[in-house]
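These are my notebook entries on one protein model. I record what I looked up, in the order in which I looked.

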Amino acid sequence: MRTSAFHLVTRKETPQDAEIVSHQLMIRAGLIRKLGAGLYTWAPLGLRVLQKIENIIREEMNAAGALEMLMPAVQPKELWEETGRINDFGGQLLAIHDRAERDYFFGPTHEEVITDFVRNEINSYKQLPINFYQIQTKFRDEIRPRFGVMRSREFIMKDAYSFHMSQESLEQTYETMKQAYTNIISRIGLKFRCVLADSGAIGGSGSQEFHVIADSGEDAIMYSDSGEYAANLEKCEAVSLIETRAEPSAELTEVHTPGQKTIEDVVNFLGLEKTQTVKTLLVEGVEQAVALVVRGDHNLNEVKAVNLAAVASPLRMLNDDEIKAIAGCDAGSIGVKDLNCHIIIDRTVANMHDFVCGANKTDYHLTGVNWERDAQYHAVEDLRDAQVGDPSPDGVGTLQVARGIEVGHIFQLGNKYSKAMNAVVLNEQGKSQAMEMGCYGMGVTRMVAAAIEQNHDHKGIIWPSNIAPFTVAILPMNYQKSERVRLASDELYEALLAKGVEVILDDRKVRPGFMMSDFELIGIPHQVIIGDRALDANEVEYRNRTDMNSENINRDTILSFLLDQLSA
């Protein structure tokens, strides 16, 4: 490709609304252009990257035995009413109407559609297992779309759905998809971790996320420093930091703590450590209010909390009036002694003794509190965020943290959708049985942004070779003026094309410095600079975008040199 026949428009200025590096560089390098809030046009340069990622995904999904199909982006509302998921997605669902005022949604995901397809196509256990996938545009009406294509409203996803007669069969395909995702991200050339995750609105019994490691990642990934354990912070198990509960050694004492409303206030006032205190949070329950109790230096994990059977969903903290009605005090003085509600305590809290909590009396706290002697609880659960330095839940090493960008999520759905939509087949005994389902999503557009977040420097993008829009860039100095530069450039260009190399030749009439900056920004992995001075010595200059080191290569051997670099 010659730049004279290609759309290549870069920008020096960084857009004011571009908060993260990938958004900034994708706009500046001319990969995308903003159309509206959370809506982006993919320019030819960006589309080349996107299509390379799609091709890798297709190859690995096909190799894993999945069958590609394409479902409508627009979905009848009635399907969502069958599963009752409309409230789960809430405002993210884009509702639309046709001329007959029939109700539709622009699909944010396709569990309902694929289940409808399968219930009409599959009727016997002999047709299972089967796994369908598509690469298609989705729409989720984000409240605040941001970070460019990282969290846009319209995006491209690869979503796959498998159907089975048994949990064992589902687990086999789940493991196959886990390996396929590992292969995909490895081939793209990114550092990543597969972590335990919460299933969220999709549902199901178990799920794992694939996170590209990057400092700008929205998610905290907890992992063992010497073992295999890794989990999203929302899902990471937090073990008790106290092995056994010691016997009480202090008397229960009520202390006046005027104006001390936070844990920080209380420990400073009493001259204690946060580890000697507990904090009690009152939330709405399914049948009655629920008190969730964590140590003073720990944070409540809201995902873990809302997944508790006794806690209402969505999670809602009680307001001041509700707190006073239950505890008889303001929020800063809630405690566990004589608290008239369902009390669930964290694992670490269960082994604490002689601790401090609110007295259920405004401006008063209790010291020397002990379980069973002074206060009771109804259940012990994992309630808190895991922290760096905690023992790993698998017993190997301690937990560390990294930031991650979620690019894939795989689920074991079970029969949640098949039962709701009566997707049944005849089993070996001739009886109707709801199918077991798996679901496997991968963000295609998000993968592009994640690759940039992990691979860039102050000059611009550094593409992994397998997804670069072009593999080699030929940068001639004074192409329009120097005949021998033009001839040398054209000769190398044609030779590379003949070898099947994706090459771009910059034949624009621009200054050398502008040309060099453009291709440093765009991030083509291998760059060949051809100028009169180097040609005097029968040489050309080669630069690798990763380290930007330059070396002069004999013109007669540059083709073989480049082919060696590409095969390395």
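**Entry 1. Burial and strand β7**

I count a residue as buried when its relative accessible area is under 20%, as exposed when that area is over 50%, and as partly exposed in between. The model I am reading is predicted. I applied the burial cut-off to strand β7 (residues 130-139). Nine of its 10 residues are buried, so β7 is largely enclosed by the rest of the structure.

I then looked up the partners of β7. Strand β8 pairs with β7 in the antiparallel sense, over 10 bridges. I noted I130, which stands opposite F163 in β8. Strand β3 runs parallel to β7 and is joined to it by two bridges. On that side I found L67, whose bridge partner in β7 is F132.

**Entry 2. The whole protein**

I stepped back to the overall figures. The protein has 568 residues, of which 52% count as buried. I find 16 helices and 28 strands. The C-alpha trace spans about 95 × 70 × 50 Å along its principal axes.

**Entry 3. Salt bridges**

Side chains of opposite charge can pair when their charged atoms come close. How many salt bridges does the count come to? I obtain 41 salt bridges. I followed three of them in detail.

I began with E502 and K52, whose closest N and O atoms are 2.4 Å apart in a salt bridge. E502 sits in the loop between α13 (483-498) and β25 (503-505), and K52 belongs to helix α2 (residues 44-63); the pair therefore ties together parts that are 450 residues apart in sequence. I checked the exposure of both ends. E502 is partly exposed, at 31% relative accessibility, whereas K52 is buried, at 13%.

Next I took R58 and E68, which form a salt bridge with 3.0 Å between the closest N and O atoms. R58 is in helix α2 and E68 in strand β3 (residues 67-68), so this pair links parts that are 10 residues apart in sequence. R58 is partly exposed, with a relative accessible area of 25%. E68 is also partly exposed, its relative accessibility being 38%.

My third pair returns to β7. D159 and K138 meet through their side chains in a salt bridge of 2.7 Å, N to O. D159 lies in strand β8 (residues 154-164) and K138 in strand β7, so the pair ties together parts that are 21 residues apart in sequence. Are these two residues buried or exposed? D159 is buried, at 1% relative accessibility, and K138 is buried, at 0%.

I also recorded a network. E142, R146, R151, E218 and R446 are joined into one by salt bridges that share partners.

**Entry 4. Cavity search**

Rolling a probe the size of a water molecule over the atoms shows where empty space is left. I searched the whole structure and found one cavity of 30 Å³ or more. The volume of the largest cavity is about 60 Å³.

Which residues line the largest cavity? I list I20, F147, M150, S216, G217, E218, D219, G404, I405, E406 and R446. I sorted this lining by class and obtained four nonpolar, three polar and four charged residues. Which strand gives the most to the lining? Strand β20 (residues 399-414) does, with three residues. I note that E218 and R446 are in the lining, and that E218 and R446 are also members of the salt-bridge network of Entry 3.

**Entry 5. Cysteines**

A disulfide is a covalent bond between the sulfur atoms of two cysteines. My search of the whole structure finds zero disulfides. The cut-off I applied is a pair of cysteine sulfur atoms within 2.5 Å.

Why does C194 form no such bond? The closest cysteine sulfur, that of C236, is 14 Å from the sulfur of C194, which is too far for a bond. C329 is likewise in no disulfide, and the nearest cysteine sulfur, in C357, is 10 Å away.

Finally, I looked up the exposure of the two cysteines. C194 is partly exposed, with a relative accessible area of 23%. C329, by contrast, is buried, with a relative accessible area of 1%.

Terms used:
Residues are numbered from 1 along each chain as its sequence is written. This is a predicted model: local features need pLDDT of at least 70, side-chain atom pairs count only at pLDDT 80 or more; totals for chains, interfaces and linings use all residues. Side-chain values use heavy atoms; hydrogens and water are left out. Buried means under 20% relative accessible area, exposed over 50%, partly exposed in between (1.4 Å probe, protein chains only). On a 1 Å grid over the protein atoms alone, a cavity is a set of points where a 1.4 Å probe fits but cannot get out, and a pocket is an open set with protein on both sides within 12 Å along at least five of seven lines; lining residues have an atom within 4 Å of a point. Grid points are joined across faces, edges and corners, and a volume is the space filled by probe spheres set on the points. Helices (H or I, at least four residues) and strands (E, at least two) are DSSP runs, numbered from the N terminus. Ala, Val, Leu, Ile, Met, Phe, Trp, Tyr, Cys and Pro count as nonpolar, Asp, Glu, Lys and Arg as charged, and the others, Gly among them, as polar. A salt bridge is a side-chain nitrogen of Lys or Arg within 4 Å of a carboxyl oxygen of Asp or Glu. Two strands pair if DSSP finds at least two bridges between them.
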